Amino acid sequence: MSYDRTVRLATDFDTAVTAVREALADQGFGILTEIDVAATLKAKLGHDMEDYLILGACNPPLAHRALEADRSIGLLLPCNVVVRRDGDQMLVQALDPGTMVTLTGLDTLKPVADEATARLDAALNALAAP
């Protein structure tokens, strides 16, 4: 089962992160959390790794609808979006919102997942556009 939606960008890390923030904002997502995995592993373990940032994106109206359908769905919110270096390119990966329907088995979440998927796909497609 594939659980991600991914695009590759031929740009530097900082430019990719800025573009991801803008593309998500254009689709109604705000960033609630930010985890600089590379910096955290360096500070806590002395481990060096490639640029790797996890953004916790949230679209409040979609989150509200999902929580109304299932209060436990908060375990799968917000939508994680990863920006990471892969060689000389950047990968932008988002958790496929359909995963919450698959994991819960709740068909009432399908309309929320479908809209979230459309919005995330629009953001990813905007990034991939020339």
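This section describes the cavities, the largest pocket and the setting of one threonine in a predicted model.

Enclosed space was examined first. Rolling a probe the size of a water molecule over the atoms shows where empty space is left. In this model, 2 cavities of 30 Å³ or more were found. The largest cavity has a volume of about 180 Å³, and 18 residues line it. Nearest the centre of this cavity lie Leu76, Leu77, Cys79, Met100 and Ala116. Two or more lining residues are given by each of the elements β3 (52-58), α3 (60-69), α4 (98-104) and α5 (110-128). Helix α3 provides the largest share of this lining, with 3 residues. By class, the lining of the largest cavity is made up of 15 nonpolar, 2 polar and 1 charged residues.

The second largest cavity has a volume of about 40 Å³. Its lining consists of Val20, Ala23, Leu24, Val81, Val92, Ala94, Leu120, Ala123, Leu124 and Leu127. The elements that give two or more residues to this lining are α1 (13-26), β5 (89-95) and α5, and α5 gives the most, with 4 residues. The lining of the second largest cavity holds 10 nonpolar residues, with no polar and no charged ones.

Open space was considered next. For the largest pocket, the computed volume is about 170 Å³. The residues that line this pocket are Tyr3, Asp4, Tyr52, Asn80, Val82, Arg84, Gln93, Ala94 and Leu95. Strands β4 (79-86) and β5 each contribute at least two residues to the pocket lining. The classes represented in the lining of the largest pocket are nonpolar, with 5 residues, polar, with 2, and charged, with 2. Ala94 appears both in the lining of the second largest cavity and in that of the largest pocket.

Helix α5 also carries threonine 117. The relative accessible area of threonine 117 is 15%, and the residue is therefore classed as buried, the cut-off being under 20%. A polar atom of the threonine 117 side chain lies 2.8 Å from the backbone oxygen of alanine 113. When neighbours within four places in sequence are left aside, threonine 117 is in contact with Arg5, Asp96, Pro97 and Gly98.

Helix α5 thus recurs in the description: α5 is among the elements that give two or more residues to the lining of the largest cavity, gives the most to the lining of the second largest cavity, and includes threonine 117.

How values were computed: Residues are numbered from 1 along each chain as its sequence is written. This is a predicted model: local features need pLDDT of at least 70, side-chain atom pairs count only at pLDDT 80 or more; totals for chains, interfaces and linings use all residues. Side-chain values use heavy atoms; hydrogens and water are left out. On a 1 Å grid over the protein atoms alone, a cavity is a set of points where a 1.4 Å probe fits but cannot get out, and a pocket is an open set with protein on both sides within 12 Å along at least five of seven lines; lining residues have an atom within 4 Å of a point. Grid points are joined across faces, edges and corners, and a volume is the space filled by probe spheres set on the points. Ala, Val, Leu, Ile, Met, Phe, Trp, Tyr, Cys and Pro count as nonpolar, Asp, Glu, Lys and Arg as charged, and the others, Gly among them, as polar. Buried means under 20% relative accessible area, exposed over 50%, partly exposed in between (1.4 Å probe, protein chains only). A polar contact is a pair of N or O atoms within 3.5 Å; within protein, one must be able to donate a hydrogen and the other to accept it, and residues adjacent in sequence count only if both atoms are side-chain atoms. Contact means heavy atoms within 4.5 Å.
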